[in-house]
Amino acid sequence: MVRSLEAIEARKRDDMQMIRSPRLWPQRHLRLKTQPWAVGADGRTRFGRMEQDDQLTVYPDGGEPIMFDSLEQLTEVWSVD
């Protein structure tokens with residue numbers, strides 16, 4: 001699937017807005033999945049979560065925590081599920 005640069009930027013902007021608004025989260029953690037353009041070598045989507053008190057760390061299901069320097073960097077790889 002080919003996505004326009006505008007659509008990619010809009011998706012990342014929407015993700016950042018949701019991450020920055022924990023009062024809108026359905027629980028104390030927010031479910032995440034890899035961006036469509038950032039799937040693994042096996043072509044599969046990965047899932048994980050982030051906690052309200054640390055919005056720069058992703059806890060992938062069955063994996064080690066991944067820390068990011070910024071929301072911009074995080075949303076290059078992860079999206080709100």
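1. A salt bridge here is a side-chain nitrogen of Lys or Arg within 4 Å of a carboxyl oxygen of Asp or Glu. By that yardstick, this predicted model holds six salt bridges. Most of my comments hang on them, but a quick look at the overall fold comes before that.

2. On the fold: the protein chain has two helices and five strands. Going along the sequence, the order reads α-β-β-β-β-α-β, with helix H1 at 5-19 and helix H2 at residues 71-77.

3. On overall shape: what radius of gyration would a compact globule of 81 residues have? Near 12 Å, and the protein chain has 12 Å, so the two agree. The C-alpha trace spans about 35 × 30 × 25 Å along its principal axes.

4. On packing and surface: buried residues account for 30% of the 81 residues. If you take contacts between residues at least 6 apart in sequence, 49% of these join residues at least 24 apart. The accessible surface comes to about 5,400 Å², and carbon and sulfur atoms own 50% of that.

5. On charge: there are 12 positive and 14 negative charges in the protein chain, and their mean positions sit 5 Å apart.

6. Now back to the salt bridges, starting with Arg 20 and Glu 72, whose side chains meet at 3.7 Å, N to O. Arg 20 is in the loop between helix H1 and strand S1 (29-34), while Glu 72 belongs to helix H2, so this pair ties together parts that are 52 residues apart in sequence. Is Glu 72 buried or exposed? Neither quite fits: Glu 72 is partly exposed, with a relative accessible area of 42%.

7. Next, Arg 31 and Asp 61, a side-chain salt bridge at 3.0 Å, N to O. This one links distant parts of the chain too: Arg 31 sits in strand S1 and Asp 61 in the loop between strand S3 (54-60) and strand S4 (66-67), 30 residues apart. As for accessibility, Arg 31 comes in at 31% and counts as partly exposed, and Asp 61, at 47%, also counts as partly exposed.

8. Which residue does Lys 33 pair with? Its salt-bridge partner is Asp 81, with the closest N and O atoms 3.9 Å apart. Here the link runs from strand S1, where Lys 33 lies, to the segment after strand S5 (78-80), where Asp 81 lies, and the two residues are 48 apart in the chain. Lys 33 has 25% relative accessibility and counts as partly exposed; Asp 81 is partly exposed as well, with a relative accessible area of 49%.

9. There's also a network to look at: Glu 9, Lys 12 and Glu 76 are joined through salt bridges that share partners. Of these, Glu 76 is found in helix H2 and counts as partly exposed at 36% relative accessibility.

10. Staying with Glu 76, what does this residue touch once neighbours up to four places away in sequence are set aside? The list is Lys 12, Gln 35, Trp 37 and Ala 38. So that you can place Glu 76 in the viewer against another landmark, its C-alpha atom and that of Gln 55 are separated by 14 Å, with the two positions 21 residues apart along the chain.

Technical notes: Residues are numbered from 1 along each chain as its sequence is written. This is a predicted model: local features need pLDDT of at least 70, side-chain atom pairs count only at pLDDT 80 or more; totals for chains, interfaces and linings use all residues. Side-chain values use heavy atoms; hydrogens and water are left out. Helices (H or I, at least four residues) and strands (E, at least two) are DSSP runs, numbered from the N terminus. The radius of gyration is taken over C-alpha atoms; the globule rule is 2.2 Å times the number of residues to the power 0.38. Buried means under 20% relative accessible area, exposed over 50%, partly exposed in between (1.4 Å probe, protein chains only). Contact means heavy atoms within 4.5 Å. Accessible areas come from the Shrake-Rupley method with a 1.4 Å probe; for residues, only the protein chains shown count as cover. Lys and Arg count as positive and Asp and Glu as negative; His and the chain ends are not counted. The place of a charge is taken as NZ of Lys, CZ of Arg, CG of Asp or CD of Glu.
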